[in-house]
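Visitor: I am new to this model and would like a close look at one part of it, with the surroundings that help to place that part. Please take me through it slowly and explain the terms along the way.

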Amino acid sequence: MAAVEEARRAAAIVRDAGGRVVGRTRFQKMAFILEAAGLGSGFPFKYKHYGPYSEELSNASRTAAILGLLNETESPASWGGLFSTFEVDMPPDSTIPESRRRIAHETASADAVALELAATALFLFLARIAPSDAWSETGRRKPEKAANGRLDQARALYERIRQIQTPTPLPRLE
Amino acid sequence: MPKQQRIRDPLHDIIDFNVDDVHLERVLWRVIQTRPFQRLRRVKQLGFSDFVYPGATHSRLLHSLGVFHTARYLMDVVRKYTHPFESAKADQALAAALVHDVGHGPFSHAFEDVGRRLGLKLADHELVSETLIRGGEIAAEFKELGSGFADDVADIVSGNGSSSIYSAVVSSQFDADRLDYMRRDRLMAGTEHSGIDFEWLIQNLEVADVAYGVDETSLGQVQTFVLGPKAIFAAEAYVLGLFQLYPTVYFHKATRGAEKIYVELLARAVTLVRDGSTKLTGLPASHPLVKFAKDPENIDCAIALDDTVIWGALSLMAEAKDQCLATLAKRLRDRRLYKCIDVRTCIAHEKGDAAASSPEADRVCADIRDEISAWSDPQTDSAPRALIDQQIRSPYKKITETKGPLDQINIRTDGGHLVDLAQRSKVVAELQAYKLFRVYHDGDDVEAKNKINQIIDARIKKWQQ
């Protein structure tokens, strides 16, 4: 895919989430779930210890920022790190399926840790790494993130997303 | 006198294994004798870098031994600062340091590029490492250290499980991997720059709690390595050293040019086999590359590949009926690389050095990449007329998806606070990401050379207007 076209597709993900996505993790995991639901932009994802991640999407969003299609600003987080906010100023595309917009909105407003857990469980299932116990494997791989009820939050989030009818139905993860 | 197994290493001198008294080292010595680990003798650490630095032929086996040796130093730091010291976790981390690279394929990262292009899961060295550690010969040896030991080691290598100071030995800004490869690659390449003050860094390493989180959400604190205030200049050299190794060694234009040809060669060979045209490759059906192309999710097929298998295949592929494959094989065998046009250098020449890595230069590069890619889209049976190389590297290793203290080098101040090295070092603060954008073409293809230069010149001119 051409660099400019990839950049446009990356920016379009933010557009369909309402024009603003807070956090690189949200952005990546949102794009992965869209991809898994058959509503994606063609970015390939690989498993990293912080969950499904696409180097190509990361590069494309950087190119989108260079081309002025997307604005990424970094803000200090209360815990001492930096988080990014991605914004686009693009008119909505009426040809985009409603299900893509709904998933993008749902994930954009989700807790970032719960979303990372949900996307991880989905990846582990789809990649056949943990086809029968994706949630427990997710909890085992990310014990700190899964603590304090966040794994249950992730399950609930995933179930809400799964209720949205998509071209590729999202699987049950049990 | 306990029995020692000793290895002579050009970097560390003696790497010893106390096989009589130290249970872990006895088992690790046996792990070294396994087939997957011995295979690393035939995977070079720096791939094609010996095309430029003939001495840089060191293997991933030697690097792995060096990482283990360095990890022992780091573990001594952990022992000094951590109470209670958890020896079981320490053993897992030391074992992980030894086997962390066991899954690398032939020419390592270039092979992963082939995998990405063709969707070959087992071209991913992280996945292969994890698979080899969890099962097979290595896991069988680890079993002596406990039924879950192999899985615990695999989790450390793949970054799963709880982050701790023990896993920081294997993955952090001061991990044993980088502390070995920076020094070893410099030594074997023979370059005189990029030296680091290893002993001083180790002497000044401490353990501290740093915060981490996901996006705006805090997840608490985790222990990692930090440096005391007397090591600021050593830390500066550590960061700058890697930054000097990028352009001079890791991303040298000839090395990258060879990798680009290798990627095209392997992608072509695998595609021909998949299409049922093995006879056009010049390779017999029993060749490990053919077997891998036919059965890419078979771990045995994946580890049957190494650098020597590919080198050996070149003379066969040079006689291939497929002209594209034959041409690429001959080029690699005889080091007849494509010529390189460094686009950012062209921009620097026209617009000044500072402009070459500016946002406008990035825009120009994106446009040029698209235009050249569209023009050079390869014909079915010919070698590509232009190969594009684009890379970006930041000074710090990426540890998390969200930027935080784990993704920087933390210095403990005299007052006991932790600050990012960039706040104490003006040199590091001024560092910008290393960016490269190059286009390679056949030196005899004058039309391609002219076309590429025409595209580059036209786009740079557009900027000037």
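Guide: A good place to begin is B:Asp215, which sits in the loop of chain B between strand E3 (205–214) and strand E4 (217–227); strands (E, at least two residues) and helices (H or I, at least four) are DSSP runs, numbered from the N terminus. The model is a predicted one, in which local features need pLDDT of at least 70 and side-chain atom pairs count only at pLDDT 80 or more, while totals for chains, interfaces and linings use all residues. Residues are numbered from 1 along each chain as its sequence is written, chains are lettered from A and ligands numbered from 1 in the order in which they are written, and side-chain values use heavy atoms, with hydrogens and water left out.

As for confidence, chain B has a mean pLDDT of 94, with 99% of its residues at 70 or more, where pLDDT is the predictor's confidence in each residue, from 0 to 100. The model as a whole scores ipTM 0.90 and pTM 0.94.

B:Asp215 has a positive phi, near 50°, although this residue is not a glycine. Most residues other than glycine have a negative phi, and most peptide bonds are trans. B:Asp215 counts as buried because its relative accessibility is 0%, buried meaning under 20% relative accessible area, exposed over 50%, and partly exposed in between (1.4 Å probe, protein chains only). Another residue with this feature is B:Ser108, which is not a glycine and has a positive phi of about 40°; B:Ser108 belongs to helix H5 (residues 108–118) of chain B and is buried, with a relative accessible area of 4%. A cis peptide bond, with omega near 0°, runs from B:His83 to B:Pro84, and B:Pro84 lies in the loop between helix H3 (60–81) and helix H4 (87–99) of chain B.

From these backbone details we can turn to helix packing. Helix H13 (residues 253–274) and helix H17 (residues 323–333), both of chain B, have axes that come within 9 Å and cross at roughly 145°; such axes are lines fitted to C-alpha atoms, for helices over the stretch in contact, and angles run from 0 to 180 degrees between N-to-C directions. Among the residues that meet here are B:Ile261, B:Tyr262 and B:Leu265 in H13(B), and B:Leu325, B:Leu328 and B:Leu332 in H17(B), contact meaning heavy atoms within 4.5 Å. The buried residues of H17(B) include B:Cys324, B:Ala326 and B:Arg331, and the buried residues of this helix pack against H13 and helix H16 (307–317) of chain B. H17(B) is followed by B:Arg335, whose phi is positive, near 55°.

H13(B) also contributes to the largest nonpolar core, which has 133 residues, with B:Phe17, B:Phe142, B:Phe225, B:Tyr262 and B:Met317 touching the most other members. The largest share of this core, twelve residues, comes from H13(B); a nonpolar core is a set of buried Ala, Val, Leu, Ile, Met, Phe, Trp, Tyr and Cys residues joined through side-chain atoms within 4.5 Å.

Last, B:Thr278 lies in the loop between H13 and helix H14 (288–294) of chain B, and B:Thr278 counts as buried, at 13% relative accessibility. Leaving aside neighbours within four places in sequence, B:Thr278 is in contact with B:Leu272, B:Val273, B:Leu283, B:Val290 and B:Lys294.
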